[in-house]
Amino acid sequence: MVKTLWIPALSLLAGQLPVAMVQAEDFRVETDVFLGGEREPVAQNVTLFSGGLVYDFPLIGPQEITVFDSGRGRFVLLDVPRKTKTTLTTQELLQTTAAIKVQAQELDGVFAFAADPQFQVEAEGQEGWLTLSSSLLSYRAKGIQPKLTATAETYREFADWYARLNATRPGNLPPFPRLELNRTLAERQQVPEEVELTVEPKNRWVGRKLVVRSHHIFNWRLSNTDRKRIETAGTYMADFQALSFQEYRQSLLMASMPGGQ
């Protein structure tokens, strides 16, 4: 899966409407996300690419399935415990995150930087590592060559839109730094194997440095379990109660509060 790092901040976006996702063979990505030097992940996901759709399943944490349909230009979000769903079009996503970008530009520190990131990009030796560095926010990533060039293009499109979706969640940074990392990897026709995000405090004497690491394992074949997951997601999409995006997010917020159901 593609995990955009969830860190305290606003969210925002600006970009192009998606073209139909380049068709590649089915494949899967397992993602573990770690905070700092911790050995136990705070999030685990499996992301399945099949038939032009992308299905993202959490293995730990909130049971929300995300389905990305590039051809129809939409995300479908499935709240499994409450059996509800919502649809967010990419056009709606662009409009929402464009407004957040304007808000972030009026702030300072890492928020303003994330609205218009300017990185110094450097490759590290022959092992596939590269850095996108700045005084406030930096990435260090190791890329690998996928089985097919089309796979890198397919993954990059999903990763971009998933970053934008994450940016709409309260407290998250704008997606533009991650979009820059995705673009840099795509120019090398690579997908990420390791990603480390470092966010520096505005004042070195106040606040703490945040480090989030993600590890991605690509596999170029879906298992029977994967295909059963896809079938289950299809059933949920047909059967779950439809809510507006606002109602859906409010339901999740209420459920996350003490005593919420």
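Here is a chat between a biologist and a modeller about a predicted model.

Biologist: Hi! Let's start with L78. Where does L78 sit?

Modeller: L78 lies in strand 5, which covers residues 74-79.

Biologist: And is L78 buried or exposed?

Modeller: Buried, because its relative accessibility is 0%, and the cut-off for buried is under 20%.

Biologist: Okay, so which residues does L78 touch, leaving out those up to four places away in sequence?

Modeller: Quite a list! L78 touches Q63, E64, I65, V67, T84, K85, A233, Y236, M237, F240 and Y248.

Biologist: Let me pick M237 from that list. How many residues apart are L78 and M237 in sequence, and what is the distance in space?

Modeller: They are 159 residues apart in sequence, and their C-alpha atoms are 7.2 Å apart in space.

Biologist: Nice. Switching to helices: how do you describe two packed ones?

Modeller: You give the angle between their axes and the distance between the axes. For helix 1 (residues 90-105) and helix 3 (residues 149-167), the angle is about 55 degrees and the axes are 10 Å apart. That angle makes helix 1 oblique to helix 3.

Biologist: Which hand does the crossing of helix 1 and helix 3 have?

Modeller: Helix 1 crosses helix 3 in the left-handed sense.

Biologist: And which residues meet there?

Modeller: From helix 1 you have T90, L93, L94, T97 and I100, and they meet W161, R164, L165 and A167 of helix 3. Sorted by class, this contact of helix 1 with helix 3 has six nonpolar, two polar and one charged residues.

Biologist: What about helix 3 and helix 4, at what angle do they cross?

Modeller: At roughly 175 degrees, with axes that come within 9 Å. Helix 3 and helix 4 are therefore roughly antiparallel to each other. On the helix 3 side the contact is made by R156, A159, D160, A163 and R164, and on the helix 4 side by R178, L179, N182, R183 and A186. The residues of this contact of helix 3 with helix 4 divide into four nonpolar, one polar and five charged.

Biologist: Cool. Now strands! How many residues of strand 8 are buried?

Modeller: Four of the five residues in strand 8 (residues 129-133) are buried, so this strand is mostly covered.

Biologist: In which sense do strand 7 and strand 8 pair?

Modeller: In the antiparallel sense, over five bridges, with strand 7 being residues 120-124. E124 stands opposite W129 in strand 8. The two strands form a hairpin with four residues between them, and G125 in the turn has a positive phi of about 60 degrees.

Biologist: And over how many bridges do strand 8 and strand 9 pair?

Modeller: Over four bridges, in the antiparallel sense, with strand 9 at residues 137-144. T131 has R140 in strand 9 as its bridge partner. A hairpin of three residues joins strand 8 to strand 9.

Biologist: You mentioned a positive phi. Which sign does phi have in most residues other than glycine?

Modeller: Negative, for most of them. K83 is not a glycine, yet its phi is positive, about 55 degrees. K83 is in the loop between strand 5 and strand 6, and it counts as exposed because its relative accessibility is 55%.

Biologist: What is the phi of Q189?

Modeller: Near 55 degrees, a positive value in a residue other than glycine. Q189 is in the loop between helix 4 and strand 10, and it is partly exposed, with a relative accessible area of 41%.

Biologist: Great, thanks!

Technical notes:
Residues are numbered from 1 along each chain as its sequence is written. This is a predicted model: local features need pLDDT of at least 70, side-chain atom pairs count only at pLDDT 80 or more; totals for chains, interfaces and linings use all residues. Side-chain values use heavy atoms; hydrogens and water are left out. Buried means under 20% relative accessible area, exposed over 50%, partly exposed in between (1.4 Å probe, protein chains only). Contact means heavy atoms within 4.5 Å. Axes are lines fitted to C-alpha atoms, for helices over the stretch in contact, and angles run from 0 to 180 degrees between N-to-C directions. Angles under 35 degrees count as roughly parallel, over 145 as roughly antiparallel, 65 to 115 as roughly perpendicular and the rest as oblique. A crossing is left-handed if the near helix is turned anticlockwise from the far one by less than a right angle, and right-handed if clockwise. Ala, Val, Leu, Ile, Met, Phe, Trp, Tyr, Cys and Pro count as nonpolar, Asp, Glu, Lys and Arg as charged, and the others, Gly among them, as polar. Two strands pair if DSSP finds at least two bridges between them.
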